[in-house]
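Let's take a walk through this structure together, side chain by side chain. Have the sequence open next to the 3D view, and follow along.

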Amino acid sequence: MSQLASAAYAPPALDRLLEDPEAPAAAQAKAWIAALAESGPDRDRALERLHALLLRAARFELGRRRAALDKVRGEELEDLATQAADDALVAVLAKLGEFRGESRFTTWAYKFALLEAGVRVRRRAWQDREVVLEPGGWEWFADRAGPVHEALERAELLDALRVAIEGSLTEHQRRVFVALALNEVPIDVLADRLDTTRGALYKTLHDARRRLRATLAEQGLTVTAEEDA
């Protein structure tokens with residue numbers, strides 16, 4: 001638990017302090033963390049107020065990304081916002097000890113709701129789309145404009161990359177690399193489809209890229225920062 005949470009803090013007007021945007025940030029943060037870390041009526045009120053704040057943040061983010069949710073009706077949109085707020089609240093409570101007071105507590109918590117709302121948008125946008133786990137994005141790389149010698153070098157690199165993907169990666173690494181790096185499947189969506197976590201996919205993608213770079217280096221080929229991205 002952070003130093004902010006270590007000191008007992010029980011203001012006489014907890015509700016007003018939690019909602020007052022003019023209250024000193026440090027005092028407000030102590031009030032939030034102390035209330036959330038304990039049990040009893042103060043915690044219940046703090047949870048209710050925090051969930052309401054996270055719900056407003058989720059609604060804002062979903063509204064900002066409304067173009068990606070053109071077929072989503074109001075009732076479903078509200079359900080997505082509630083799901084995002086629920087998961088954001090769980091994340092905030094799990095990470096209370098990581099808050100260091102570098103911003104207002106509400107600002108720090110707000111970001112969890114924005115993140116969760118973004119996850120819901122990506123998942124909903126891909127709900128009816130097929131997640132392709134086989135190479136299908138080579139043409140984009142091969143057709144990029146540039147001098148002839150660069151095109152030839154790129155073609156050589158792509159041919160070597162195809163072979164490296166098939167020969168040097170495990171089946172799981174290949175599927176993850178192809179989906180994320182070539183077919184641009186959002187990592188949240190892929191985590192759902194493969195029943196895994198974002199962290200596990202990031203680790204797999206990192207290992208796959210490292211193995212591919214090593215394989216290409218053995219052939220005297222290098223990947224630029226742009227191509228690696």
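What is the relative accessible area of Lys203? It comes out at 49%, so Lys203 counts as partly exposed. Keep in mind that this is a predicted model, and let's see what Lys203 is up to. Its side chain meets that of Asp207 in a salt bridge, at 2.6 Å from N to O. Both residues sit in helix α11, 4 residues apart, or about one turn of the helix. That spacing makes sense: an α-helix has 3.6 residues a turn, so residues three or four places apart point the same way. The two partners don't share the same surroundings, though. Asp207 is buried, with a relative accessible area of 15%, because the cut-off for buried is under 20%, whereas Lys203 is partly exposed.

Now hop over to helix α4, which covers residues 41–64. Here Arg64 forms a salt bridge with Glu61, and the closest N and O atoms are 2.8 Å apart. Again the two lie in one helix, 3 residues apart, about one turn. Arg64 is exposed, with a relative accessible area of 53%, while Glu61 is buried at 5%.

Not every salt bridge stays within one helix. Take Glu78 and Arg59, whose side chains meet at 2.5 Å, N to O. Glu78 belongs to helix α5 (residues 74–94) and Arg59 to α4, so this pair ties together parts that are 19 residues apart in sequence. Both ends are partly exposed: Glu78 has a relative accessible area of 30%, and Arg59 comes in at 40%. There's also a network of salt bridges to look for, linking Asp87, Glu116 and Arg120. If you're wondering about the overall tally, a search of the whole structure finds 10 salt bridges.

Let's stay with α4 a little longer and look at how it meets a neighbour. Helix α3 (residues 25–37) and α4 have axes that come within 7 Å and cross at roughly 115 degrees. The crossing of α3 past α4 is left-handed. On the α3 side, the contact is made by Trp32, Ala35 and Leu36. On the α4 side you'll find Asp42, Arg43, Ala46, Leu47, Arg49 and Leu50. Sort the residues of this contact by type and you get 6 nonpolar, 3 charged and no polar.

Trp32 is worth following, as it turns up again among the aromatics. The whole structure holds 5 aromatic pairs. One of them is Phe99 with Phe105, an edge-to-face pair with 5.4 Å from centre to centre and 80 degrees between the planes. Both Phe99 and Phe105 are buried. Phe105 also pairs with Trp108: their ring centres are 5.5 Å apart and the planes stand at 45 degrees, so this pair is tilted. Phe105 and Trp108 both lie in helix α6, 3 residues apart, which is about one turn. Relative accessibility for Phe105 is just 1%, so Phe105 counts as buried, and Trp108 is buried too, at 15%. Put the ring pairs together and they link Trp32, Phe99, Phe105, Trp108 and Phe112 into a cluster.

While you're in α6, which spans residues 105–125, have a look at Thr106. Is Thr106 buried or exposed? With 16% relative accessibility, Thr106 counts as buried. And which residues does Thr106 touch, apart from its neighbours within four places in sequence? The answer is Gln28, Trp32 and Leu53. So Trp32 is in contact with Thr106, belongs to the ring cluster and takes part in the contact of α3 with α4.

Our last stop is helix α10 (residues 187–194), where Ile187, Asp188, Val189, Leu190 and Ala191 are buried. What covers the buried residues of α10? The cover includes α6, along with α9 (171–182) and α11 (198–218). Two of those names are familiar by now: α6 holds Phe105 and Trp108, and α11 holds the Lys203 and Asp207 pair we began with. Just after α10, check the backbone at Asp195, where phi is positive, at about 55 degrees.

Conventions. Residues are numbered from 1 along each chain as its sequence is written. This is a predicted model: local features need pLDDT of at least 70, side-chain atom pairs count only at pLDDT 80 or more; totals for chains, interfaces and linings use all residues. Side-chain values use heavy atoms; hydrogens and water are left out. Buried means under 20% relative accessible area, exposed over 50%, partly exposed in between (1.4 Å probe, protein chains only). Contact means heavy atoms within 4.5 Å. A salt bridge is a side-chain nitrogen of Lys or Arg within 4 Å of a carboxyl oxygen of Asp or Glu. Rings of Phe, Tyr and Trp (its six-membered ring) pair if their centres lie within 6.5 Å; planes under 30 degrees apart count as stacked, over 60 as edge-to-face and the rest as tilted. Axes are lines fitted to C-alpha atoms, for helices over the stretch in contact, and angles run from 0 to 180 degrees between N-to-C directions. A crossing is left-handed if the near helix is turned anticlockwise from the far one by less than a right angle, and right-handed if clockwise. Ala, Val, Leu, Ile, Met, Phe, Trp, Tyr, Cys and Pro count as nonpolar, Asp, Glu, Lys and Arg as charged, and the others, Gly among them, as polar.
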